[in-house]
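Visitor: I should like to go through the helix packing and the pocket of this model. May we take them in turn?

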Amino acid sequence: MSDERHASVWDAIESDPGQAENMKLRSRLMMTLRYHIAQEGLSQAAAAKLFGVTQPRISDLVRGKIDLFSLDTLVNMLAAAGLHIELQVA
């Protein structure tokens with residue numbers, strides 16, 4: 001076992017730094033969408049209609065199936081929900 005420390009779980013499991021950053025972004029966007037669904041008290045069917053996707057896609061989102069969502073898809077879903085994304089590069 002290694003004592004190596006990582007800034008995030010994605011840094012630990014992804015050998016490619018670019019892929020780790022992609023996973024961090026997708027994870028954050030998915031969590032935001034799930035939070036929005038919960039805060040608004042939306043059913044999966046209502047969320048699907050609002051986000052312009054199918055109910056099974058919302059089920060995948062809620063279950064955290066990150067590998068099924070691209071950044072483009074998540075950005076489109078957030079925009080359809082009326083949410084605004086701001087980007088900060090450090």
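The exchange below treats the helix pairs and then the pocket of this predicted model.

Visitor: Are the axes of α2 and α5 roughly parallel or roughly perpendicular to each other?
Guide: The axes of α2 and α5 come within 10 Å and cross at roughly 25°. Angles under 35 degrees count as roughly parallel. The two helices, α2 and α5, are therefore roughly parallel.

Visitor: Is the crossing in which α2 passes α5 left-handed or right-handed?
Guide: The contact between them involves N22, L25, R26, L29, M30, T32 and L33 of α2, together with L71, L74, V75, M77 and L78 of α5. The crossing of α2 past α5 is left-handed.

Visitor: How many residues of each class has the contact of α2 with α5?
Guide: Among the participants are L25 and L29 of α2 and L74 and V75 of α5. Leu and Val both count as nonpolar. By class, the contact of α2 with α5 comprises one charged, two polar and nine nonpolar residues.

Visitor: Is α2 oblique or roughly parallel to α3?
Guide: Helix α2, residues 17-40, packs against helix α3, residues 44-51, at an angle of about 120°, and their axes are 10 Å apart. That angle makes α2 oblique to α3.

Visitor: Which residues make the contact of α2 with α3?
Guide: The crossing of these helices, α2 and α3, is right-handed. The contact divides into five nonpolar, one polar and no charged residues. On the α3 side stand A47, L50 and F51, and on the α2 side L33, H36 and I37.

Visitor: Is α3 oblique or roughly perpendicular to α4?
Guide: Helix α4 spans residues 55-62, and α3 packs with α4 at an angle of about 105°, with axes 8 Å apart. The range 65 to 115 degrees counts as roughly perpendicular. Hence α3 is, relative to α4, roughly perpendicular.

Visitor: How many charged residues are in the contact of α3 with α4?
Guide: Q44, A45, A47, A48 and F51 of α3 meet Q55, I58, S59 and V62 of α4. The contact divides into six nonpolar and three polar residues, and the number of charged residues is no more than none.

Visitor: Which residues are the closest to the centre of the largest pocket?
Guide: The largest pocket holds about 580 Å³ of space. Its lining has 16 residues, and those closest to the centre are L25, R28, L29, E86 and L87.

Visitor: Which helix gives the most to the lining of the largest pocket?
Guide: By class, the lining has nine nonpolar, three polar and four charged residues. Both α2 and α5 (71-80) supply at least two residues of the lining. With six residues, the helix that gives the most is α2.

Methods:
Residues numbered from 1 in each chain as written. Predicted model: local features only at pLDDT ≥ 70, side-chain atom pairs only at ≥ 80, totals over all residues. Heavy atoms only, no water. Axes fitted to C-alpha atoms, helices over the stretch in contact; angles between N-to-C directions. Helix = DSSP H or I, 4+ residues; strand = E, 2+ residues; numbered from the N terminus. Parallel < 35°, antiparallel > 145°, perpendicular 65-115°, else oblique. Left-handed = near helix turned anticlockwise from the far one by under 90°. Contact = heavy atoms within 4.5 Å. 1 Å grid on protein atoms, 1.4 Å probe; cavity = no way out; pocket = protein on both sides within 12 Å on 5 of 7 lines; lining within 4 Å. Points joined across faces, edges and corners; volume = space filled by probe spheres on them.
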